[in-house]
Amino acid sequence: MTHAMLKGSNVPLKATTVRAVLRWTPGQGVPDVDASALLLGPEGRVRSDEDFVFYNQPRHPAGKVWRLGKKRVAEGLTDTIQTDLAGVESEVGQILLVASADGATFDRVRTLSILLYDAAIAEGEPLATFDIRPETGEETALICGELYRRGDGWKFRALGEGYSNGLKGLATDFGISVDESEEAAAAADADAGSTPSLSQPLPPEQPTAGVPQQPAAYGFPASLPTYGYGYPDAAPAGSAPAGEFRMPPQGPQFIGR
């Protein structure tokens, strides 16, 4: 049974691995949308920059939360975050599921929704759906929903809360480090083509052996899979994450929290 959710409602989850699928309708003037996730510790903030899963850091070092990538479906376009709830580190109490628009506001994004699936069921109906309606239309990033612990299990809550200063502002508000000098250095390296930044997506990774080929995804070469990128194993303890970045300081301009 699919739960059609209202803002603020929640539903318990029996699935141990879930796919959170952002879906929207493309068209002239409609910006691209990216899915990302923030893993929050006991204080309601990230423990480090590694707890931010996004297009330049598509897999959490612990290997339990990762971005699957974009795909064209009959209803439009999708971008997906998958989470192994059973394996998420015990100190992580919330996982925010986020949408950000590519240099535009969400009043230009049509029929945005988030659908939650049991990843163990290939062709199953969604466990829950939530149609997201921005409160002002000026939002450039949205917390669409959250996965959160309740007792020994997990729940999903529909949110739809917005930020007017984009993914950087949202991430900063939850503890992603801000270092102006390191950001300047990273920007200089990015100009030289050596360091990724938040606004400069990495090219898709090549699949490893044994990963089945998938249909061509929106914005990706047909030779690459949509679901199931061949991501490398988690980085050794103490090493810098592949997508490490620093963002310029900017105060949050939160809307409707």
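Here are a few notes on this predicted model, from the whole chain down to single residues.

1. Starting with the overall make-up: the protein chain has 257 residues, and 49% of them count as buried. Its secondary structure comes to two helices and 13 strands.

2. On the contact pattern: take the contacts in the protein chain between residues at least 6 apart in sequence, and 71% of those join residues at least 24 apart. As for the outside, the accessible surface comes to about 11,900 Å², with 50% of that belonging to carbon and sulfur atoms.

3. How many cavities of 30 Å³ or more turn up? The count is one. The largest cavity has a volume of about 40 Å³, in case you want to look for it on your own grid.

4. Which residues line that cavity? From the N-terminal end, the lining of the largest cavity takes in Ala20, Val21 and Leu22, then Ala35 and Ser36, then Asp79 and Ile81. Leu97, Val98, Ile114 and Cys144 also belong to the lining. By class, the lining has nine nonpolar residues, one polar and one charged.

5. In terms of strands, β3 (17-25), β4 (33-40), β7 (76-84) and β8 each supply at least two lining residues of the largest cavity. The most comes from β3, with three residues.

6. Now a residue in one of those strands: Ile95 sits in β8, which spans residues 94-101. Is Ile95 buried or exposed? Its relative accessibility is 0% and buried means under 20%, so Ile95 counts as buried.

7. Ile95 also has plenty to look at in the viewer. Setting aside neighbours within four places in sequence, Ile95 is in contact with Ala37, Leu38, Leu39, Val65, Thr83, Val88, Gly145, Glu146, Leu147 and Trp154. Leu40 is worth a mention too: Ile95 and Leu40 are 55 residues apart in sequence, yet their C-alpha atoms are 6.1 Å apart in space.

8. One backbone angle to check is at Thr111. Thr111 has a positive phi of about 45 degrees although it is not a glycine. For context, most residues other than glycine have a negative phi. Thr111 lies in strand β9, residues 110-118. With a relative accessible area of 56%, against a cut-off of over 50%, Thr111 is therefore exposed. In short, Ile95 in β8 is buried, whereas Thr111 is exposed.

How values were computed: Residues are numbered from 1 along each chain as its sequence is written. This is a predicted model: local features need pLDDT of at least 70, side-chain atom pairs count only at pLDDT 80 or more; totals for chains, interfaces and linings use all residues. Side-chain values use heavy atoms; hydrogens and water are left out. Helices (H or I, at least four residues) and strands (E, at least two) are DSSP runs, numbered from the N terminus. Buried means under 20% relative accessible area, exposed over 50%, partly exposed in between (1.4 Å probe, protein chains only). Contact means heavy atoms within 4.5 Å. On a 1 Å grid over the protein atoms alone, a cavity is a set of points where a 1.4 Å probe fits but cannot get out, and a pocket is an open set with protein on both sides within 12 Å along at least five of seven lines; lining residues have an atom within 4 Å of a point. Grid points are joined across faces, edges and corners, and a volume is the space filled by probe spheres set on the points. Ala, Val, Leu, Ile, Met, Phe, Trp, Tyr, Cys and Pro count as nonpolar, Asp, Glu, Lys and Arg as charged, and the others, Gly among them, as polar. Accessible areas come from the Shrake-Rupley method with a 1.4 Å probe; for residues, only the protein chains shown count as cover.
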